[in-house]
Amino acid sequence: MTQLLDKHGRTINYLRLAITDRCNLRCQYCMPEIGNKFVERKQLLTFKEMYRLVRVLSGLGVNKVRLTGGEPFVRTDFMNFLEMLSFNNNLDEINITTNGVLLPKYLQEIEKLSKIKSINLSLDTLKTHRFAAITRQDSFSKVMESFEFLKSSEKLKLKLNFVVQSEVNTDEIIDFIELTKNENIAVRFIEEMPFNGIGQKDFNQLWDFKTILTHIQQHYSHINKIDSAKSSTSVNFKIPNYKGTFGIIPAFTRTICNDCNRIRITSTGMFKNCLFDEGVFSVRDFIRNGASDDDLKELFINTVHHKPENGFVAEQNRKNNSISESMSNIGG
Ligand code: SAM
Ligand code: SF4
């Protein structure tokens, strides 16, 4: 099978596809309370278009897809799309990143789809009031319902995404590690990035990888580093005798780019070689102008070849050099 290879020798087999830019929450670190620019519906890729793009990419070696957004479950018919996608035999894994608010009613159905192996649930606090302050919505009980279900699911691996926000939730880092004591869950501490729909905020106090790890090391006498897949986005650890694991994602300090195996397609069909680039071309316009599958293949192969070496190079290459778009528009 022809593969997607970049000029730095990396093979790309992982697609992050944003289902929509819309969301039912307004997380402080992701978008402003009002005024985030959501696109007109016709600018979003249709599910048919997404299905086709995944089919073509999976013919080029992409065997893992993460569905994200915005919030994937706010888009009507998302469950049908999931089912359709699970019939793609070239895919080994389809995973979902969600805020969990609408998830409870779909969980049993999702458990039946064999290719869905894990759910990344975004949860930045275990405190009701803090949840409301961070997300500007009062949906904590729904998210906890999803959390409880996923914790006890034998089929779905639960990964918790915790964005470490200075002066907001760092006092809960240890509480989240303690969740791994008796449960086989993976907690992932993510460095906050300026993708918040506003732009750079005062990051003097950024809790970066080192700060997070030092904080944890001060609390535990032993922490074991564990082996992870080469392309893992997180550096992973375990407290001896705890059932689960925790990891730190250097999303902003970008020390993991060497082994990157990912590409992204935003909800409007912008192809991105890197989270920090501005989008390389509109696959949506390309297919709406009549591109054949072979045209698409050629374009993907050529574009991936030029994947920037790392997130810093991608950022330097931006025409608009301020990073201010919302993660919901990019697809987190
Ligand atoms: N709505 C879904 C959710 O929240 O899980 C999926 C989309 S969200 C953009 C994907 C992930 O990006 C979430 O785990 C979220 O916490 C993370 N994220 C959003 N904005 C971020 C930022 N500025 N810095 C770091 N992570 C961010
Ligand atoms: Fe919505 Fe996810 Fe962004 Fe929060 S992080 S506003 S849940 S897209």
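Helices and strands are taken here as DSSP runs, numbered from the N terminus, with at least four residues for a helix and at least two for a strand. With that naming in hand, the binding site, the open pocket and the enclosed space of this predicted model can be described in turn.

The site of ligand 1 comes first. Three strands, β5 (93–98), β7 (157–164) and β8 (186–191), each contribute at least two residues to the shell around the ligand. That shell holds 19 residues, and those that come nearest to ligand 1 are Y29, G70, S122, N161 and M193. In terms of chemistry, the shell is made up of nine polar, seven nonpolar and three charged residues.

Nitrogen atoms of the ligand take part in several polar contacts. Through a backbone N or O atom, Y29 lies 2.8 Å from a nitrogen atom of ligand 1. For M193, too, a backbone N or O atom lies 2.8 Å from a ligand nitrogen. E71 approaches with its side chain instead: one of its polar atoms is 3.2 Å from a nitrogen atom of ligand 1. On its own, ligand 1 has 540 Å² of accessible area, and the protein covers 95% of this.

Attention can now turn to the second largest pocket, which contains about 260 Å³ of space. It is lined by 16 residues, of which T266, M270, E278, E325 and N329 are the closest to the pocket centre. Strand β13 (270–272) and helix α11 (327–330) each supply at least two residues of this lining. By class, the lining of the second largest pocket comprises seven polar, six charged and three nonpolar residues.

Enclosed space was examined as well. With a threshold of 30 Å³ or more, the count comes to one cavity. The largest cavity encloses about 70 Å³. Its lining consists of L25, C27, Y29, N99, S122, L123, D124, T125, F131, I134 and T135. Of the elements involved, helix α4 (residues 128–135) gives the most to this lining, namely three residues. The cavity lining divides into six nonpolar, four polar and one charged residues.

A helpful link between the two regions is provided by Y29 and S122. Both are among the residues that come nearest to ligand 1, and both also line the largest cavity.

Note on methods: Residues are numbered from 1 along each chain as its sequence is written. Chains are lettered from A and ligands numbered from 1 in the order in which they are written. This is a predicted model: local features need pLDDT of at least 70, side-chain atom pairs count only at pLDDT 80 or more; totals for chains, interfaces and linings use all residues. Side-chain values use heavy atoms; hydrogens and water are left out. A residue is near a molecule or strand if one of its heavy atoms lies within 4 Å of it. A polar contact is a pair of N or O atoms within 3.5 Å; within protein, one must be able to donate a hydrogen and the other to accept it, and residues adjacent in sequence count only if both atoms are side-chain atoms. Accessible areas come from the Shrake-Rupley method with a 1.4 Å probe; for residues, only the protein chains shown count as cover. Ala, Val, Leu, Ile, Met, Phe, Trp, Tyr, Cys and Pro count as nonpolar, Asp, Glu, Lys and Arg as charged, and the others, Gly among them, as polar. On a 1 Å grid over the protein atoms alone, a cavity is a set of points where a 1.4 Å probe fits but cannot get out, and a pocket is an open set with protein on both sides within 12 Å along at least five of seven lines; lining residues have an atom within 4 Å of a point. Grid points are joined across faces, edges and corners, and a volume is the space filled by probe spheres set on the points.
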